[in-house]
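Here's a quick briefing to read with the coordinates open in your viewer. Follow along residue by residue if you like.

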Amino acid sequence: MTEPTTEPLWSVEASHLDHAIEVVSRHARRTPLVPSPLLAEGAWLKLETEQLTGSFKVRGALSALAHLSPEARARGVLTASAGNHGFGLAAAGAALGVPVTVFVSAGAPAVKRAGIAAAGAKLEAIDAAGYDAVEEAAKAAASERGVTFVSPFDDPYVAAGNGGTIGVELLEDVPDLAAVIAPVGGGGLVAGLAAARRLRGADFQLIGAQSEACPAMVASLREGAPRLRFAGGPTLAEGLEGGVSATTFAIARRELQRMEAVPERDIADA
């Protein structure tokens, strides 16, 4: 892909990755990597479904909370989430003793809302359509309450915890890794994977996948500018809804070898 016209506002550096590896190794699981010959010869699946909260998001949440000052931890944090990030942040807050408030849309999956509440976070359902509106409300509330807003994707510590630690584990398990296919919502996961590739001197291909129903990154790359808000249609991959950030767009434009939009029927079949 062509070079971005603007530089990222942040990047994942070695200090971010080292910090993330340390806290994630203490509080989260190293998930299995299993062969999947039904997909293709030589294909593997990284089973983040077996992570503490059922997704990789707890990794970035732990990394983000662990770097906060004692004062910021005591005040607590607030976030917006389609479900997985909020659940991850709630679990990370419980592990590290940080009060967590999670804004979700009223239509967020019940199982994820239940997990957030069960982990001890305060759950606030917002009467708003789509993730972007919920994030806007959450950022305003964090400012009003004097607490830290923790982005699900637009943060170097979150990206280092999510994609960075996964990338390091993949390379440790498969040193000759040829390609990684990763889901893309806001773009934090692929930003972290790209950083792991760079910081570990690897050369695997990085391929992003997104639902055709809400293809914010696909549209951003096609148009040459980040779609910060994106009103897509209903999708089974509801965790990938919403827009991207200027930084994750710039990183994706520079680092992704391919970006694919996947039909809903194929997601359902999978």
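What follows is a short tour of the sheet, the core, the pocket and the cavity.

Keep in mind that this is a predicted model. The part to get oriented on is an open sheet of four strands, ordered β5-β4-β3-β6, with parallel pairing. Away from the sheet, there's a nonpolar core of 28 residues, the largest one in the model, and a search of the whole structure turns up one cavity of 30 Å³ or more.

**How the sheet is put together**

- Which strands sit at the edges? Those are β5 (122-126) and β6, and each of them pairs on one side only.
- β3 covers residues 77-80 and β4 covers residues 100-105. Four bridges hold these two together, and they run parallel.
- If you want to check the register between β3 and β4, V77 stands opposite V100, and L78 stands opposite T101.
- On its other pairing, β3 is joined to β6 (residues 148-149) by two bridges, again in parallel. Here L78 stands opposite F149, so to speak a residue to click on for both pairings of β3.
- β4 also pairs with β5 in the parallel sense, this time over five bridges. Two spots to look at are V104, which stands opposite A125 in β5, and S105, which stands opposite I126.

**Crossovers between the strands**

- β3, helix α4 (residues 84-96) and β4 build a β-α-β unit, and the unit is right-handed.
- What about the step from β4 to β5? V104 in β4 stands opposite A125 in β5, and the chain gets from one strand to the other through α5 in a β-α-β crossover that is right-handed too.
- That connecting helix, α5, spans residues 110-118 and includes G115.
- G115 counts as buried because its relative accessibility is 10%, and the cut-off for buried is under 20%.
- For a sense of distance, the C-alpha atoms of G115 and V244 are 25 Å apart, with the two positions 129 residues apart along the chain.

**Which way the side chains point**

- In a regular strand, side chains alternate between the two faces of the sheet.
- In β3, V77 and T79 point one way, while L78 and A80 point the other, and all of them are buried.
- β4 has both faces covered: V100, V102 and V104 are on one side, T101, F103 and S105 are on the other, and all are buried.
- Why call β4 largely enclosed by the rest of the structure? Because six of its six residues are buried.

**The largest nonpolar core**

- In soluble globular proteins, nonpolar side chains tend to be buried together.
- Of the 28 residues in this core, L193 and L206 touch the most other members.
- The elements giving two or more residues to the core are α7 (156-173), β7 (179-183), α8 (188-199), α9 (216-223) and α10 (246-255).
- Among these, α9 gives the most, with five residues.

**The second largest pocket**

- This pocket has a volume of about 240 Å³.
- How many residues line it? There are 14, and E135, K139, F153, L228 and V244 lie nearest the centre.
- Helix α6 (residues 131-145) provides the largest share of the lining, namely five residues.
- By class, you get five nonpolar, three polar and six charged residues around the pocket.
- V244 turns up here near the list of central residues, and V244 is also the partner in the 25 Å C-alpha separation from G115.

**The largest cavity**

- The volume of this cavity is about 60 Å³.
- Which residues line it? They are S11, V12, A191, A194, A195, R198, I251, R254 and E255.
- At least two lining residues come from α8, and at least two from α10. With four residues, α8 gives the most.
- The lining divides into five nonpolar residues, one polar and three charged.
- Both α8 and α10 are also on the list of elements that give two or more residues to the largest nonpolar core.

Note on methods. Residues numbered from 1 in each chain as written. Predicted model: local features only at pLDDT ≥ 70, side-chain atom pairs only at ≥ 80, totals over all residues. Heavy atoms only, no water. Buried < 20%, exposed > 50% of the residue type's maximum accessible area, 1.4 Å probe, protein only. Pairing = 2+ DSSP bridges. Right-handed = clockwise from strand over helix to strand, strands pointing away. 1 Å grid on protein atoms, 1.4 Å probe; cavity = no way out; pocket = protein on both sides within 12 Å on 5 of 7 lines; lining within 4 Å. Points joined across faces, edges and corners; volume = space filled by probe spheres on them. Nonpolar A, V, L, I, M, F, W, Y, C, P; charged D, E, K, R; others polar. Core = buried A, V, L, I, M, F, W, Y, C linked by side-chain atoms within 4.5 Å.
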